[in-house]
Amino acid sequence: MRFNLPILYTCILLLGAVTSVSAHSPSTVSPSTAVAEKQTVLFKNVRIFDGKSTKLTPPMHVLVEGNQIKAIMKEINIPLDQVKLIEGANRTLMPGLIDAHWHSMLAALPAMKMMSAEVADMNFMAAQEANNTLMRGFTTVRDLGGPVFSLKRAIDSKIVTGPRIWPSGAIISQTGGHGDFRMTYDIPSTSNGVLSRGEAAGGGIIADGPDEVRKRVREQLMLGATQIKLAAGGGVSSTYDPIDVAQYSVEEFKAAVDAADNWGTYVSVHAYTPKAIQMALQGGVKVIEHAQLLDEPTAKMMASKGAWLSGQAFIDNEFANPQVGANRQKQMQVQAGTDKAYDLAKKYKLKVSWGTDILFNPQMTKNQGAILATMTRWYSPVEVLKMATSTNAELLKLSGERSPYVGKLGVIEEGALADILLVNGDPIENIQLIADPEKNLAVIMKDGVIYKNQLD
């Protein structure tokens with residue numbers, strides 16, 4: 001009998017991930033403790049934030065059947081003995097949260113751990129963090145770099161618990177760019193096809209020139225990428241590139257965009273500076289991540305092209321991912337531009353999504369909801385909640401046919417997917433409720449399955 005060793009290894013790895021999650025983290029919930037099958041569930045007497053409106057509804061009743069919201073009712077017109085009843089008692093029912101810039105793998109472990117750990121260890125930690133992400137109320141994430149394809153399949157198969165994942169795969173970077181995780185002893189590179197540790201692990205991949213960029217894009221799409229991530233400029237956490245460095249040419253961006261477009265999806269880029277953003281836009285890029293050093297001409301250009309700003313609350317507060325040395329100087333430069341970037345985004349009515357972008361800092365991930373709440377520095381609480389639900393869901397639609405899940409997300413409406421939170425209180429009045437999910441999220445449902453229920 002012959003074994004397919006890669007498949008066998010993956011099975012062992014994922015089974016180990018389940019054991020790791022259930023045995024070593026008291027804050028996580030293994031799949032066996034969740035409701036095994038979808039049920040017909042009635043949320044009774046709930047006030048609804050539907051992901052779009054500015055106010056909660058009066059008390060209503062929401063029926064979930066299978067993985068969809070079947071009905072939203074003023075009066076209950078179904079037999080209660082045929083449903084699982086959850087008494088809302090005027091709690092707020094809202095869509096599951098969406099983080100549009102998450103790193104399911106790279107947030108779960110420090111950078112040096114990624115460069116040295118066994119692949120199994122990396123997956124164990126990512127599986128644990130995926131469960132914690134769901135328990136914070138984030139039922140969907142757009143993963144902007146990292147080897148998460150196996151993790152996504154494990155979640156979708158209910159081998160481990162976690163959010164829906166829109167994966168980008170490896171960050172595609174030029175030599176010396178933001179996604180170049182090589183050590184200096186890996187330079188000069190050779191033509192013998194040997195990959196560095198970061199490349200072999202799937203964290204980042206090097207591509208120079210349009211043909212190589214096109215090839216690397218196609219490889220990530222082959223592996224299951226729902227969108228492509230390129231590094232278009234200098235980064236804070238990367239070692240070799242100053243913030244002001246523009247990376248990739250217009251021709252290289254066009255190669256990436258064309259390859260992604262042929263698969264019905266799009267390219268998103270890491271970029272802070274006007275030059276990096278403008279070159280990416282000229283190449284057809286649809287989504288700009290960060291843009292903290294945005295200026296007025298570039299904001300106008302983004303508006304004219306209908307490009308998205310995928311923004312983050314990068315300010316010097318308790319949730320800042322601490323850097324040291326030269327990287328600290330880069331971090332301060334970026335933080336100083338955040339207020340102006342959001343002012344320009346509002347002035348030119350840019351389409352703005354939100355994400356955390358926690359990278360290489362597993363101690364920071366618990367603050368995911370608290371970081372969302374800090375967006376009230378620039379937007380009202382209801383605008384922030386809309387951003388993390390229906391607006392982020394709109395961004396996900398750019399993946400077109402590559403979207404891995406069929407159905408409507410980010411809203412509470414009939415026919416939408418049943419990704420639902422039941423909150424102890426009104427998050428429009430007090431968005432800080434989201435910052436303490438263990439206390440304030442009474443029920444967490446994803447795809448019609450209840451993963452947390454404090455009311456039973």
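Of the contacts in this protein with a separation of 6 or more, 72% are accounted for by residues 24 or more positions apart, and I would like you to keep that figure in mind while we go through the structure, which I should say at once is a predicted model. The protein contains 13 helices and 18 strands. Its radius of gyration is 22 Å, close to the 23 Å that the globule rule gives for 456 residues, so the protein is as compact as a globular protein of that length. Taken along the principal axes, the C-alpha atoms fill a box of roughly 70 × 65 × 40 Å, and 58% of the 456 residues are buried.

A word on confidence, then. The mean pLDDT is 90, and 91% of the residues reach 70 or more, but over residues 1-36 the pLDDT stays under 50, and for that stretch the model has 45 contacts beyond four places in sequence. I will therefore draw no picture from residues 1-36, given that pLDDT stays under 50 there.

On the surface, the protein exposes about 18,500 Å², of which carbon and sulfur atoms supply 53%. There are 45 positive and 45 negative side chains, and the centres of these two sets lie 2 Å apart.

Let me turn to single residues, starting with Asp 419. Is Asp 419 buried or exposed? Asp 419 has a relative accessible area of 4%, which is under the 20% cut-off, so this residue counts as buried. Its place is in the loop between helix H12, residues 381-396, and strand S16, residues 420-423. If we leave aside the neighbours within four places in sequence, Asp 419 is in contact with residues from several parts of the chain, among them Met 94, Pro 95 and Gly 96, then Thr 139 and Thr 140, then Arg 164, and also Lys 446 and Asp 447.

Gln 68, in strand S3, which runs over residues 68-73, has a relative accessibility of 36% and counts as partly exposed. Not counting residues up to four places away in sequence, Gln 68 touches Leu 63 and also Gly 415, Ala 416, Leu 417 and Ala 418. The C-alpha atoms of Gln 68 and Tyr 379, on the other hand, which are 311 residues apart along the chain, are separated by 30 Å.

Next comes Met 302, which lies in helix H9, residues 296-305, and which is buried at 0% relative accessibility. Which residues does Met 302 contact, leaving aside its neighbours within four places in sequence? They are Ile 277, Leu 281, Ile 288, Leu 294, Ala 307, Trp 308, Leu 309 and Leu 350. Met 302 and Gln 278 are 24 residues apart along the chain, and their C-alpha atoms are separated by 8.3 Å.

Ahead of H9, in the loop that joins strand S13, residues 287-290, to that helix, we find Ala 291, another residue that counts as buried at 0% relative accessibility. Its phi is near 60 degrees, a positive value in a residue other than glycine. For background, most residues other than glycine have a negative phi.

Phe 360 also has a positive phi, of about 60 degrees, although it is not a glycine. Phe 360 is found in the loop between strand S15, residues 351-354, and helix H11, residues 368-373, and with a relative accessible area of 17% it is buried.

A positive phi, of about 65 degrees, is taken by Lys 158 just after helix H4. Within H4 itself, residues 149-156, the buried residues are Phe 149, Leu 151, Lys 152, Ala 154 and Ile 155. When reading such a pattern, it helps to recall that an α-helix has 3.6 residues a turn, so residues three or four places apart point the same way.

The last residue is Ala 246, in the loop between strand S11, residues 228-231, and helix H7, residues 250-262. At 25% relative accessibility, Ala 246 counts as partly exposed. What does Ala 246 touch, not counting residues up to four places away in sequence? Ala 246 touches Ala 232 and Gly 233, and further along the chain Lys 275, Ala 276 and Met 279. The C-alpha atoms of Ala 246 and Thr 273, 27 residues apart along the chain, are separated by 7.8 Å.

Conventions
Residues numbered from 1 in each chain as written. Predicted model: local features only at pLDDT ≥ 70, side-chain atom pairs only at ≥ 80, totals over all residues. Heavy atoms only, no water. Helix = DSSP H or I, 4+ residues; strand = E, 2+ residues; numbered from the N terminus. Rg over C-alpha atoms; globule rule 2.2 N^0.38 Å. Buried < 20%, exposed > 50% of the residue type's maximum accessible area, 1.4 Å probe, protein only. Contact = heavy atoms within 4.5 Å. Areas by Shrake-Rupley, 256 points an atom, 1.4 Å probe, with all protein chains shown as cover. Lys, Arg positive; Asp, Glu negative; His and termini not counted. Charge placed at Lys NZ, Arg CZ, Asp CG, Glu CD. pLDDT = per-residue confidence, 0-100.
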